Amino acid sequence: MYKIQANPSGTRSIEVTDAHLQTIERYALLKNLVDSSGIIDEEVLDKLKFTLRSLLESEAGQDKSLLDLCLDVVYNNNMKAFGLHQLVLLYIDWRGLHADAEEAVKP
């Protein structure tokens, strides 16, 4: 389990599990989310929420892990643009660690 800081002062945090990060990877939720400026603001968070809402309304909405990601992380009361930025950074680190582990397992 990981904790991401949800605001600049550090008074709020959100817990993120490996299952949440695997769901982000499975649905490629962060791919092409941020435009070329690289700035994560409330509009980017709204874009992610719209994408998730669309997935939940489709057949993929029957996936409990996607619903858990929404309830626990993305739609968390503490989630703002700063928290999304921290989530993106955590995902990048997590993905790098898992890529290294996968390469170490290959013969």
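Which helix does L66 lie in? L66 lies in helix α3, and this briefing on a predicted model takes that helix as its starting point. From there we look at the two helices that α3 meets, then at the loop between α1 and α2, and finally at a residue of strand β2.

**Helix α3 and its two sides**

- The residues of α3 that are buried are S65, L66, L69, C70, V73 and V74. Looking down the helix axis, these buried residues stay within an arc of 145°, so they line one face of α3.
- K64 and L71 are on the other side of α3, and both are exposed.
- L66 has a relative accessibility of 0%, so it counts as buried, the cut-off being under 20%.
- L66 also gives a good view of how sequence and space compare: T23 is 43 residues away from L66 in sequence, yet their C-alpha atoms are 6.3 Å apart.

**Where α2 meets α3**

- Helix α2 covers residues 42-57 and helix α3 covers residues 64-74; their axes come within 10 Å and cross at roughly 150°. Because angles over 145 degrees count as roughly antiparallel, α2 is roughly antiparallel to α3.
- The crossing of these two helices, α2 and α3, is left-handed.
- On the α2 side, the residues that take part are L48, K49, L52, L55 and L56, and they meet L66, L67, C70 and V74 of α3. Sorted by class, the residues of this contact are eight nonpolar, no polar and one charged.

**Where α1 meets α3**

- Helices α1 and α3 pack at an angle of about 115°, and their axes are 9 Å apart. Here too the handedness can be given: α1 passes α3 in a left-handed crossing.
- From α1 the contact draws on H20, T23, I24 and R26, and from α3 on S65, L66, D68, L69, D72 and V73. The classes in this contact of α1 with α3 are four nonpolar, three polar and three charged residues.
- Within α1 itself, H20, L21, T23 and I24 are buried. They span an arc of only 155° around the axis, which places them on the same side of α1.

**A closer look at H20**

- H20 is a residue of helix α1. Is H20 buried or exposed? With a relative accessibility of 6%, H20 counts as buried.
- Setting aside neighbours within four places in sequence, the contacts of H20 are E15, D68, L69, D72 and V73. Among them, D68, L69, D72 and V73 also appear on the α3 side of the contact with α1.

**The loop between α1 and α2**

- Most residues other than glycine have a negative phi. Two residues of this loop are worth a look on that account.
- A28 follows α1 and has a positive phi, near 50°. A28 lies in the loop between α1 and α2, and its relative accessibility of 40% makes it partly exposed.
- N32 also has a positive phi, near 60°, although N32 is not a glycine. N32 belongs to the loop between α1 and α2, and at 63% relative accessibility N32 counts as exposed.
- G38 is found in the loop between α1, residues 18-26, and α2. G38 is partly exposed, with a relative accessible area of 46%.
- How far apart in space are G38 and T51, C-alpha to C-alpha? G38 and T51 are separated by 19 Å in space and by 13 residues in sequence.

**I14 in strand β2**

- I14 sits in strand β2, which comprises residues 13-16. I14 counts as buried, at 1% relative accessibility.
- Apart from neighbours within four places in sequence, I14 is in contact with Y2, K3, I4, A6, D72, V73, N76, N78 and M79. D72 and V73 from this set also belong to the contact of α3 with α1, and V73 is one of the buried residues of α3.
- Between I14 and L67 there are 16 Å in space, C-alpha to C-alpha, and the two are 53 residues apart in sequence. L67 is one of the α3 residues that α2 meets.

Technical notes:
Residues are numbered from 1 along each chain as its sequence is written. This is a predicted model: local features need pLDDT of at least 70, side-chain atom pairs count only at pLDDT 80 or more; totals for chains, interfaces and linings use all residues. Side-chain values use heavy atoms; hydrogens and water are left out. Axes are lines fitted to C-alpha atoms, for helices over the stretch in contact, and angles run from 0 to 180 degrees between N-to-C directions. Helices (H or I, at least four residues) and strands (E, at least two) are DSSP runs, numbered from the N terminus. Angles under 35 degrees count as roughly parallel, over 145 as roughly antiparallel, 65 to 115 as roughly perpendicular and the rest as oblique. A crossing is left-handed if the near helix is turned anticlockwise from the far one by less than a right angle, and right-handed if clockwise. Contact means heavy atoms within 4.5 Å. Ala, Val, Leu, Ile, Met, Phe, Trp, Tyr, Cys and Pro count as nonpolar, Asp, Glu, Lys and Arg as charged, and the others, Gly among them, as polar. Buried means under 20% relative accessible area, exposed over 50%, partly exposed in between (1.4 Å probe, protein chains only). The arc is that of the directions from the helix axis to the C-beta atoms.
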